[in-house]
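Colleague: I would like to practise reading a model feature by feature. Could you walk me through one?

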Amino acid sequence: MNTVVNILTCKCPKCEKGELFYKKGNIFLLQMPKMNAHCSECHFKFEKEPGFFFGAMFVNYGIAVAEMITSLVVFWHFLDLSPLHVFMVIASLSILTGAFNLRISKSIWLYMFYKKES
């Protein structure tokens, strides 16, 4: 459970104290999240090789699709909104959660490839 909390709060996988991002990003100010190169606590290098976080794009896609399908089910079937309203809600939700999804997908990708030393 501790690992899930660390992924959601974007903590360093090695020391679990340092932050992955120095700038969280704000969709309303058109700012994307900015990632640290190294952990401020243990100096762990986050990007293992050039293009390491390319795979996080697929994780981000999966998160976005899950959000969209959930929104479709909730707003169309349970709240009985029209297809146009559902489309507008899903499009708005995708835009609003973009920066959050990017942070979480990079955090998940990093934790997938980090092996804890025992």
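Modeller: Gladly; we will go through charge pairs, the core, backbone oddities and the surface in turn. Please keep in mind that this is a predicted model.

Colleague: Let us begin with charges. How many salt bridges does the count come to?

Modeller: The general idea first: side chains of opposite charge can pair when their charged atoms come close. In this model the count comes to two salt bridges. One pairs K11 with E19, whose closest N and O atoms are 2.5 Å apart. The other pairs K24 with E19, and here the closest N and O atoms are 3.6 Å apart. Through shared partners, K11, E19 and K24 are joined into one network.

Colleague: And why do E19 and K24 count as partly exposed?

Modeller: The label partly exposed covers the range between under 20% (buried) and over 50% (exposed) relative accessible area. E19 is partly exposed because its relative accessible area is 28%. K24 has 41% relative accessibility, so K24 counts as partly exposed too.

Colleague: Now the interior. Which residues touch the most other members of the largest nonpolar core?

Modeller: That core has 16 residues, and those touching the most other members are L20, M35, F44, F46, F53, W109 and L110. To place the core on the fold, look at which elements supply it: α2 (56–78) and α4 (98–112) each give at least two residues. The largest share, three residues, comes from α4.

Colleague: Suppose I pick F53. What is F53 in contact with, leaving aside its neighbours within four places in sequence?

Modeller: Setting those neighbours aside, F53 is in contact with M35, F46, E47, K106, W109 and L110. Of these partners, M35, F46, W109 and L110 also appear among the core residues that touch the most other members.

Colleague: What about a polar residue such as N6: is N6 buried or exposed?

Modeller: N6 counts as buried because its relative accessibility is 6%. N6 is found in helix α1, which spans residues 2–8. For a polar side chain, a useful next step is to look for its partners. The side chains of N6 and E16 are joined by a polar contact of 3.4 Å. Apart from neighbours within four places in sequence, N6 is in contact with K11, E16, S107 and Y111. K11 is also the residue that forms a salt bridge with E19.

Colleague: Turning to the backbone, which residue in the loop between α1 and β1 has a positive phi?

Modeller: That is C10, with a phi of about 60 degrees although C10 is not a glycine. C10 is placed in the loop between α1 and β1 (21–23). H43 likewise has a positive phi of about 60 degrees without being a glycine, and H43 lies in the loop between β2 (34–35) and α2.

Colleague: Are C10 and H43 buried or exposed?

Modeller: C10 counts as buried because its relative accessibility is 3%, whereas H43 is exposed, with a relative accessible area of 59%.

Colleague: Last, the surface. Which residues make the nonpolar surface patch?

Modeller: I69, V73, V74, F78 and L79 make a patch of about 470 Å². Take V74 as an example: V74 lies in helix α2. With 32% relative accessibility, V74 counts as partly exposed.

Definitions and conventions: Residues numbered from 1 in each chain as written. Predicted model: local features only at pLDDT ≥ 70, side-chain atom pairs only at ≥ 80, totals over all residues. Heavy atoms only, no water. Salt bridge = Lys/Arg side-chain N within 4 Å of Asp/Glu carboxyl O. Buried < 20%, exposed > 50% of the residue type's maximum accessible area, 1.4 Å probe, protein only. Core = buried A, V, L, I, M, F, W, Y, C linked by side-chain atoms within 4.5 Å. Helix = DSSP H or I, 4+ residues; strand = E, 2+ residues; numbered from the N terminus. Contact = heavy atoms within 4.5 Å. Polar contact = N/O pair within 3.5 Å; in protein donor to acceptor, adjacent residues only side chain to side chain. Patch = residues over 30% accessible without salt bridge, like charges linked within 9 Å, V, L, I, M, F, W, Y side chains within 5 Å. Areas by Shrake-Rupley, 256 points an atom, 1.4 Å probe, with all protein chains shown as cover.
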